[in-house]
Amino acid sequence: MKTYSERSDVAVIGATLGGICCSVSAAREGAVVHLIDQSASLGGKIGREIQFPLDYENCNNFAYQRETGILDELLYYIHKNNTEGNYAGFSRALFSWLESEARLKIFLDTRLFDVEKSASEDKISLLKTISSVHSGCTLFRSKYFIDCSEDGSLSQLAGAPGEKGLDQNEFNFFDNSQDSSFFRAAASMQIKKTNNPSKFFLPDWVKLRWEDNHPSAKIELLKS
């Protein structure tokens, strides 16, 4: 297995909403930042994989509520650039927004499995991760390490004090003891006929036209 090495001023574990805002803030202050997440998409629970709404805690669907600072900028950018109006467009706009930060580098599909500490045992010296992208181990060395993961994985591996494990209040199915959580998320959709035609415009990021699909793919889609 190949071993790669990365250096930065700040390494953030967890591309959650907190990790994203933390990374952008540090990058804009002049730091070289590495944002690391084990999943294939950004956002944690608000990302493409889990698809919780941004304002789930208040349940107001972000009608007119405003935030300030980086979060307000992020929400405005996503509303403007998510032309599809779905989580695929949300994920694409979020990634585009982060990529525009000159000193921020994103590492997805990168799982943290170990840490090394200094000789005095009071400081993390490097992170050990494995990635499915290049099938190798990446060592992250940094001046500062920030744990924004959803389960405190960095804190657990480093033996740092503080909250660890999955938080039942964040609607996970299991905690570290494997006890069931009774929270669940659901969505409902109503479909009805209308006499008002709705126009469809193909998003500019779609390169493959329906006419270019193989006939078997068209048939399978029509059957479904």
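This section describes the fold, the core and the surface contacts of a predicted model.

The chain contains 5 helices and 6 strands. Read from the N terminus, these elements follow the order β-α-β-α-α-β-β-β-β-α-α. Of the 224 residues in the chain, 34% are buried. Contacts between residues at least 6 apart in sequence were also examined, and 52% of these join residues at least 24 apart. The accessible surface of the chain amounts to about 15,000 Å², and carbon and sulfur atoms account for 52% of that surface.

Helix H1 comprises residues 17-28. Its 12 residues should span 16 Å at 1.5 Å a residue, and the C-alpha atoms at its ends are 17 Å apart, so the expected and modelled values agree. Seven positions of H1 can be named as buried: Gly19, Ile20, Cys22, Ser23, Val24, Ala26 and Ala27. The cover over these buried residues comes from several parts of the chain. It includes strands S1 (2-13), S2 (33-36), S3 (104-107) and S6 (136-147), together with helices H2 (69-81) and H3 (87-99). After H1 comes glycine 30, which has a positive phi, near 105°.

Strand S2 pairs with two other strands. S1 and S2 run parallel and are joined by 4 bridges; within this pairing, alanine 11 lies opposite histidine 34 of S2. S2 also pairs with S3 in the parallel sense, again over 4 bridges, and here histidine 34 stands opposite lysine 105 of S3. Histidine 34 thus has a facing residue in each of the two pairings, alanine 11 and lysine 105. The side chains of S2 alternate in direction: Val33 and Leu35 point one way, His34 and Ile36 point the other way, and all of them are buried. S1, S2 and S3 are also among the elements that cover the buried residues of H1.

The search for charged pairs across the whole structure returned 6 salt bridges. One of them joins lysine 143 to aspartate 9, with 3.6 Å between the closest N and O atoms. This pair links distant parts of the chain, since lysine 143 belongs to strand S6 and aspartate 9 to strand S1, 134 residues apart. The two partners fall into separate accessibility classes. Lysine 143 counts as exposed because its relative accessibility is 51%, above the 50% cut-off. Aspartate 9, with a relative accessible area of 22%, is partly exposed.

A further salt bridge is formed by the side chains of glutamate 116 and lysine 128, with an N to O distance of 3.1 Å. Glutamate 116 lies in strand S4 (residues 110-117) and lysine 128 in strand S5, and the pair, 12 residues apart, links distant parts of the chain. Both residues are partly exposed: the relative accessibility is 34% for glutamate 116 and 21% for lysine 128. The side chains of glutamate 121 and lysine 117 also meet in a salt bridge, at 3.6 Å from N to O. Lysine 117 has 33% relative accessibility and therefore counts as partly exposed. In addition, Arg28, Glu73 and Glu101 are joined into one network by salt bridges that share partners. Arginine 28 of this network falls within the residue range of H1, 17-28.

On the surface, Met1, Phe113 and Ile130 make a nonpolar patch of about 330 Å². Isoleucine 130 is located in strand S5 (residues 124-131). With a relative accessible area of 35%, isoleucine 130 is partly exposed.

The last region considered is the loop between helix H4 (153-158) and helix H5 (215-223), where aspartate 204 is placed. Aspartate 204 has a relative accessible area of 67% and is therefore exposed. Its C-alpha atom lies 8.9 Å from that of threonine 83, although aspartate 204 and threonine 83 are 121 residues apart in sequence.

Technical notes: Residues are numbered from 1 along each chain as its sequence is written. This is a predicted model: local features need pLDDT of at least 70, side-chain atom pairs count only at pLDDT 80 or more; totals for chains, interfaces and linings use all residues. Side-chain values use heavy atoms; hydrogens and water are left out. The expected span of a helix is 1.5 Å times one less than its number of residues. Buried means under 20% relative accessible area, exposed over 50%, partly exposed in between (1.4 Å probe, protein chains only). Contact means heavy atoms within 4.5 Å. Two strands pair if DSSP finds at least two bridges between them. Patches are made of residues with over 30% relative accessible area and no salt bridge: like charges are joined within 9 Å, nonpolar side chains (Val, Leu, Ile, Met, Phe, Trp, Tyr) within 5 Å. Accessible areas come from the Shrake-Rupley method with a 1.4 Å probe; for residues, only the protein chains shown count as cover. A salt bridge is a side-chain nitrogen of Lys or Arg within 4 Å of a carboxyl oxygen of Asp or Glu.
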